[in-house]
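Consider how the interior of a protein fold can be read from two sides, through the space that is left open and through the side chains that are packed together. The paragraphs after the structure follow that order.

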Amino acid sequence: MSFRKQKILLKSADQVDKMQASAEILASVFVNIRKMVKPGVTTGAIDEAIETMIRQAGCFPSFKGYHGFPGSACISVNEEVVHGIPCERVLNDGDIVGIDVGVIKDGWHSDSAETLPVGQINSEAVDLLKNTEECLNLAIAAIKPGKRLSVIGSAVEDHAKAHGYSVVETLVGHGIGRDLHEDPQVPNYRCFTMPDPIIEIGLVIAIEPMINGGTKRVVTARDEWTIRTQDRRLSAHFEHTVAVLNDGVRVLTRRPSGIASLYSTQ
Ligand code: MG
Ligand code: MG
């Protein structure tokens, strides 16, 4: 089997600093938007607030118009995995909501996502959110220059399966830089059908595990954007933009955990 030739654009330290500036705007958007996520708010109102914050910072939302996507954020509720279109849907107590946002600043993209509880969520949802965020953190911790990129997929798959969850395979993480989606593709599972490059200094990638409560299988909704679980069980998604530098791995979109309160009460 031959793979499509990948073209990984490694970034200089200066370029990573520019991406960091983009990522810091994005991190602040998330910290602010968390206060809005409560029962009664619509996904459309959250999207509008996100777009306003990004534009007020002099930046542009990466997803707006991307392949025709109508929103500034992808907002996916409960069994929706990713790519939910913001709309008049009202969030209810007990829902979980995945918010995925990209920012372009001075031509450089950053990309991040988190799944948040709406009001009081049940223990099944708490466990899914905690384990999905842990999958992301373990994947980041596994990155070391000289190792293969597949340390990420292995870390995510092992943690998810150990807790009884499945990993979505049809959507993957990606390189990021002047384009939102660059090489390499970053699977969240042990994948034998994609290239497995060596992790080098200057690699910048968006790592984004999507973890399901039931089957790993997903389907596309009739709106042709929203991806949901085939069995309609819950799904969660966390994402950071991460740079491999001389002095270590830097999480460019780093911010305090949005679900920290769930960790402390359980
Ligand atoms: Mg994203
Ligand atoms: Mg992404």
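**The pocket and the cores**

In this predicted model, strand E8 makes the largest contribution to the lining of the largest pocket, giving three residues. That lining consists of 22 residues in total, and Tyr66, His83, His174, His181 and Glu208 are the ones that lie nearest the centre of the pocket. Two elements give two or more residues to the lining, namely strand E7 (173-175) and strand E8 (182-186). Sorted by class, the lining residues are eleven nonpolar, six polar and five charged, and the space in the pocket amounts to about 450 Å³.

From this open space we can turn to the packed interior. In soluble globular proteins, nonpolar side chains tend to be buried together. Here the largest nonpolar core has 56 residues, and Ile46, Ile50, Val97, Ile99 and Ile207 have the most contacts inside it. The helices that give two or more residues to this core are H1 (13-33), H2 (43-56), H3 (123-142) and H4 (150-162), while the strands that do so are E2 (73-77), E4 (96-105), E9 (204-207) and E14 (240-245). Helix H3 gives the most, with eight residues.

Ile99 offers a detailed view of the packing: apart from its neighbours within four places in sequence, Ile99 is in contact with Phe30, Ile33, Val37, Ile46, Ile50, Ala73, Cys74, Ser112, Ala113, Glu114 and Leu116. There is also a second, separate core, which has 13 residues, among them Leu180, Val204, Ala243 and Leu245.

Conventions
Residues are numbered from 1 along each chain as its sequence is written. Chains are lettered from A and ligands numbered from 1 in the order in which they are written. This is a predicted model: local features need pLDDT of at least 70, side-chain atom pairs count only at pLDDT 80 or more; totals for chains, interfaces and linings use all residues. Side-chain values use heavy atoms; hydrogens and water are left out. On a 1 Å grid over the protein atoms alone, a cavity is a set of points where a 1.4 Å probe fits but cannot get out, and a pocket is an open set with protein on both sides within 12 Å along at least five of seven lines; lining residues have an atom within 4 Å of a point. Grid points are joined across faces, edges and corners, and a volume is the space filled by probe spheres set on the points. Helices (H or I, at least four residues) and strands (E, at least two) are DSSP runs, numbered from the N terminus. Ala, Val, Leu, Ile, Met, Phe, Trp, Tyr, Cys and Pro count as nonpolar, Asp, Glu, Lys and Arg as charged, and the others, Gly among them, as polar. A nonpolar core is a set of buried Ala, Val, Leu, Ile, Met, Phe, Trp, Tyr and Cys residues joined through side-chain atoms within 4.5 Å. Buried means under 20% relative accessible area, exposed over 50%, partly exposed in between (1.4 Å probe, protein chains only). Contact means heavy atoms within 4.5 Å.
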